[in-house]
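Here is a complex to read alongside its sequence and its coordinates. The report below is written for someone who meets it for the first time.

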Amino acid sequence: MSGVEVRTGRRVVGSELARHDAIEKVRGRTVYAADFSLPGMLHARLKRSDYAHARLVRVDTEPAASIDGVIAVYTAADIPQNTVWVDVPGQTMEVGALKARSNVLADGVVRYHGEPIALVAAETEDAALAAIDAIDVEYEPLPVLDDPERALEPGAPQIHESGNLLAHWELEEGDVETALAGADAVVEDTYRTQFIDHAYLEPEAGVAWRDTDGVITIRAATQVVEHFRDVAKILELPDNKVRLITPYVGGGFGGKEDMTVEPYLGVVAALTGRPVRMVWSRQESLLARQNRHAVRMRYRTGADAAGRLVAMDIDILSDGGAYALLSALVLLYSTTCAGGPYRCPNVRIRARTVYTNHTPCSAMRGFGGMQVVVAYEGQMDRLAAELGIDPLDLRRRNFVDSGDTLPIGQPLETAVELPALIDAVAERLGPVPEPSAPRRAVGRGYACNLQPYGRCIWLNDWSSAWIGFELDGTLVIRIAVPDIGGGQASSLIQIAAEVLGVPPERITIHIGDSALNPLTGTTTATRQLYMSGNAVLKAAQELRANLAPVAAELLEVDEDRVEFTADGVRERDGERAVAFPALLAACASVNVPWHVLATHRAPKGVPWQADESWRGQVFPDFTYGCHAADVEVDLESGQTRVLRYVAAHDVGQTINPQSVEGQIEGGVAMGLGYALSERLVFEEALNLTGSFAQYLIPTAVEVPAIEPVILESGEGVGPFNARGIGEPPIGPPAPAIAAAIADATGVRLTELPFTPERVAAAVGAPGEEESDAEG
Amino acid sequence: MHPRPFDYARPETVADAIEALGAAPGEASVLAGGQSLIPMMSLGLAAPDLVVDIGRLELAGSERRNGTVVLGALTRHRELERSDELRDRLPLAADAARHIGNPRVRNRGTLGGSLSHADPAAELGAVALTYGGEVVIAGASGERSVPIADFFHGFFATAVGAGELLVRVDLELPPPGTGHGFSEIANRADDFATAAATALVTVGGDGSCADARLALAGVADRPIRFEQAGDLCRGEALSDGLLARVRRAVADAVEPETDAFTSAGYRAQAAGICAARALESAWRRGRGEAP
Amino acid sequence: MIVEFTLNGSPQRCDVPAHWTLLRMLRDSALRTDAKHGCGEGVCGACAVLVDGIAMNSCSVLAPQVEGASVETVGGLARGEELHPLQAEMVARGGVQCGFCTPGMVISAIEAVRIGAAGSEAEIRHSLAGNLCRCTGYGKIVSAVGAYRDGESPEAPRADAPERESEGAIGAEPSPGVGMGP
């Protein structure tokens, strides 16, 4: 097995450390966004559209304003800057095609079910709820567009004046048609995926107030501290008059990457001068907040008789919903990953995302790299069946390797351990179990994937961190990182502890505050460990380098014999030691500061051009994985039970193994929901999935014991050669389940989710056609 | 997001409860376990002017009478599921109760509440129809009994009128040699049933069926008895062929609605599958075997 | 109306409208935020608390219904700085990520173990089916509950980790979350 290094001597990194935030959380002491309150705070709520597409003829707020306790009712005209151009969050470089227009409140037209029309601020929650009920809206319905295939046809309702094409990416390498014509086997299929909700346990929430010097301060559950700039634009304030604080967040997964409550909180705090809280109900979160794109993928894949891929023709159509948000960037991920981790000399990719009247779609864990896994893995399985080659062998014959280039021009520079990952998974599995009862069938399926980590390199990603000692030898890290539950903050403590010797329980980290902490970019794109981890590593190493000469002098040894330990510095293999307070006093006397502000910059790349011939590096690196699932299918009811699940990923180097396992297990669970039960159901663009009882995320009963397998190749571009692991595990479950169901029943399903009804219908149990509603 | 304001009454006696309900006909809701009413109020699906909390009424407890088990309206699902006595006497109710919501919901939810709420997919409605017996309803003029077969009127509608309160359920105990069976198809562990079937099969000495009672939830606007079960099974031996006939007969007989999430065809198919499975379990238990 | 009850052992007196749920009373009147609002429908379990020792979704109980009762939230479990054993297991075994489901999960698990509904992995999962988690995939939570049930003393969260030789994990021992006993 190539590329696996034996690493020795790490003290903290790579060990099973309990996360520092876990103790507060298990005691119920963590103050999440909705747990915070200020005396006299107002309560804000949104009036949302009942229609998917309509002109707002009249919005009468007077009946609401006259309710006792209602302080203000705002519509679009009251917002200082209602329409803003939002750039890819957190970046300083603007990429024209990735800017998206965003409305705070609907202005004359509503384009999706649940679009905010009015904002109420009241003394009590009950008064706010009553006010929402009292606002009288007269709608003139407009034709609804709910079919992305129709969106680009003449005569389709236009969602925006610019037309319905939101974004597109196209490329062709080689000569696909000729290659397909000459192929020994060509398989073709269409894969359809569904709208998905993030369904984190913490609904959107925040509190805002006007602080000293008129700084509008917002403490909200968000993944992006840099949104303070977007709120400033909306309020027509200078950037330095808005501050965004992120408490620990109860799950993000991309759903808190675009703004949710932030603009409304800012508006109320700025216009009333009073503190205000806004908490979204679960139902409005399900109804009206951005989702994962539903995607239709048409693939033709050709190979020679030996199973080597010769051509891929890929057409992707993604439903972006009513507003752009991050759809263009999501599509880029799909385009980059569409061919999967496979070599293929002739590739054509045509990817489009269109506007419809569905809820706007945007970021969600996997971010476009996830839906395509169903397609490219499904094609490999089809091809294997067609050629009579074992599906794993077929994959082995085609895997990319370090040194290859993906069709979009992305070089692969780190180890690709996919063969080892397959071996690792296969080694864990024993024989396929017997069915548990008559009229059940058991099957096994595998899937592999690649998922980028780190942001597009031409976004000039950077991350800053400040580390410093207190006089008593405890350590402080200040970094505006949002912690959304993936151990973002605690891994930084581990990194600092590794370098500086201070034990984790003597390190305090201040997170997520745009005014008081150095900015570090978004907690998205599986970039946080890679970026802020590298920033903290750099700062810690610089700090150590500043202090080492002073220490050497005090200890009277050469610098390379200085060791940093829990209480101070000492001579390696020797007796002499100096406690931190004394070391710092010595630093003071020679004007050596004991704090460092460092910035890590991701490698820059040639910026993308709006040109079909553009090729180049998009991402810093990828994480590869292989999963396997055993399922039992009830051949009568179509219910599919996952008996066993193994998930292997090369993470480069684990910073905290327990956190890595947690990300894998959680990602797989989310992927299983995607495969088997989750979907938002619309009818003529009206979202019918109004309650948490109807949105089916897996419970402890549906999710089996997941077996994570961690491979450490030692190659990754994160700190200590780590790779990102937040998103990669969510891609393989759906194709693995599809393959397992096919193995059990002989039937290959291509439309997600694989509900009992769909499985039963495919297996051939008698029944009616699927209902007409979109799902 | 939150229940809208309402007036709240917490009577100490059934008579007081009746009086409170009678004073606001059509605008009052009874609060028993609250596991349906309160979430519905939070979702904006219910907005009564008056909530009458019957939690203090002495309507819990069970009693064995001649050939029946009498259950107070406030018998919690958790008791049905976990009480040794009730599991022993009413095993079908115990099995069904295990599938209602989750443990926290079962700690609070009540038999009377579930039957009165009459969600067509609710398991206990089918259970009650399978056992048979009577529902006792208290009103201004005293108590009256309604046969369970006549209790469910339609979509969330029952024989309980305005100003009335369900106080007891008398379930008929089946004869010796009767086994029970419960089968449900749901999306997830906790969810409302796509379809569910409850069965009681009385088995003769030779293993053949002396009587079969079968009810279904989730396939109509109310829980329903599958009346043909007895005719199809009486005198027959248990066989795959018979189960397949029952399955087809049930799937053909029911006329569920199609909704955005599930087609009528699949629901009917699911009902047939559950019916056959529940029947088989009940039959085997009646024969003294494992289900 | 006035509602008087004990909250984690201390007497509490709240003046709230009758239509407030127990959850809302705890959070907005008693200012205890360790019961979380996750859905308001009784589906997610994040709001679970003990009332007279019985676990219930506080979003599905009205404030007046706890008159005279003893209400316990997760915040009342620890004794000073010493965690309740289940809390300690959850921390040690990685059962806590974003932490939002954790209070309700702990309450539900404590009851499940106490009433003997956590005898096997399958039983634990069934008992926790009404506590949704979106982060962990449940494995480490189930493992923690099993360990608590067995009365194992949890590994104290380690501050000073020993030196460790880290190598490719192929062939390494399975993680604690895997392969819990029947």
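What follows goes from the confidence of the model to its sheets, its core, a contact between chains and a few backbone details.

**Numbering and confidence**

Residues are numbered from 1 along each chain as its sequence is written, while chains are lettered from A and ligands numbered from 1 in the order in which they are written. This is a predicted model, in which local features need pLDDT of at least 70 and side-chain atom pairs count only at pLDDT 80 or more, whereas totals for chains, interfaces and linings use all residues.

The predictor gives the complex an ipTM of 0.95 and a pTM of 0.93. Confidence in each residue is expressed as pLDDT, the predictor's own score from 0 to 100. Chain C has an average pLDDT of 85, and 83% of its residues score at least 70. Over residues 153-182 of chain C, however, pLDDT stays under 50, and for this stretch the model has 66 contacts beyond four places in sequence; two residues are in contact if their C-beta atoms, placed from the backbone, lie within 7 Å.

**Chain C in outline**

Helices (H or I, at least four residues) and strands (E, at least two) are DSSP runs, numbered from the N terminus. By that reckoning chain C has 5 helices and 6 strands, which follow one another along the sequence as β-β-α-β-β-β-α-α-α-α-β. Of its 182 residues, 61% count as buried, a residue being buried if 20 or more other C-beta atoms lie within 10 Å of its own, exposed if 12 or fewer, and partly exposed in between, with C-beta atoms placed from the backbone. Among the contacts in chain C with a separation of 6 or more, 60% join residues 24 or more positions apart.

**A sheet and its helix in chain A**

In chain A, 4 strands form an open sheet with mixed pairing, in the order β19-β27-β28-β31, where two strands pair if DSSP finds at least two bridges between them. Its edge strands, each pairing on one side only, are β19 and β31 of chain A. Neighbouring strands of this sheet are turned by 15 degrees against each other on average, direction ignored. The antiparallel pairing of β19(A) with β27(A) extends over 14 bridges, and A:Y446 stands opposite A:A628 in β27(A).

Helix α12(A) packs on this sheet, touching β19, β27, β28 and β31 of chain A, and its direction makes about 30 degrees with that of β27(A); axes are lines fitted to C-alpha atoms, for helices over the stretch in contact, and angles run from 0 to 180 degrees between N-to-C directions. Within this helix, which spans residues 418-428, the buried residues include A:L418, A:L421, A:I422 and A:V425. An α-helix has 3.6 residues a turn, so residues three or four places apart point the same way. The cover over the buried residues of α12(A) includes not only strands of the sheet but also α11 (391-396) of chain A.

**A sheet in chain B**

Chain B has an open sheet of 5 strands with antiparallel pairing, in the order β4-β5-β10-β6-β7. Its edges are β4 (62-65) and β7 (142-147) of chain B, each of which pairs on one side only. From one strand to the next, the twist averages 20 degrees. The antiparallel pair of β4(B) and β5 (residues 68-72) of chain B has 4 bridges, and B:R65 has B:T68 in β5(B) as its bridge partner. Helix α1 (residues 14-23) of chain B lies across β6 (133-139) and β10 (165-172) of chain B, running at about 120 degrees to β10(B).

**Where chains A and B meet**

The contact takes 28 residues from chain A and 20 residues from chain B. On the chain B side, helix α11 (residues 264-286) of chain B gives the largest share, 6 residues.

**Backbone details in chain A**

Two residues that are not glycine have a positive phi, and both lie in loops of chain A.

| Residue | Phi | Loop of chain A | C-beta neighbours within 10 Å |
|---|---|---|---|
| A:E556 | about 55 degrees | between α14 (528-555) and β23 (562-564) | 8 |
| A:D573 | about 55 degrees | between β24 (568-571) and β25 (577-579) | 7 |

With these neighbour counts, A:E556 counts as exposed, and A:D573 is exposed as well. The peptide bond from A:L752 to A:P753 is cis, with omega near -10 degrees, and A:P753 is found in the loop between α17 (733-745) and α18 (756-763) of chain A.

**The nonpolar core**

A nonpolar core is a set of buried Ala, Val, Leu, Ile, Met, Phe, Trp, Tyr and Cys residues joined through C-beta atoms within 7 Å. The largest one has 423 residues, of which A:A496, A:V536, B:L216, B:A271 and B:A275 touch the most other members. Its largest share, 13 residues, comes from α14(A). Leaving aside residues up to four places away in sequence, B:A271 touches B:A195, B:A197, B:L216, B:V219, B:V250, B:A251 and B:V254.
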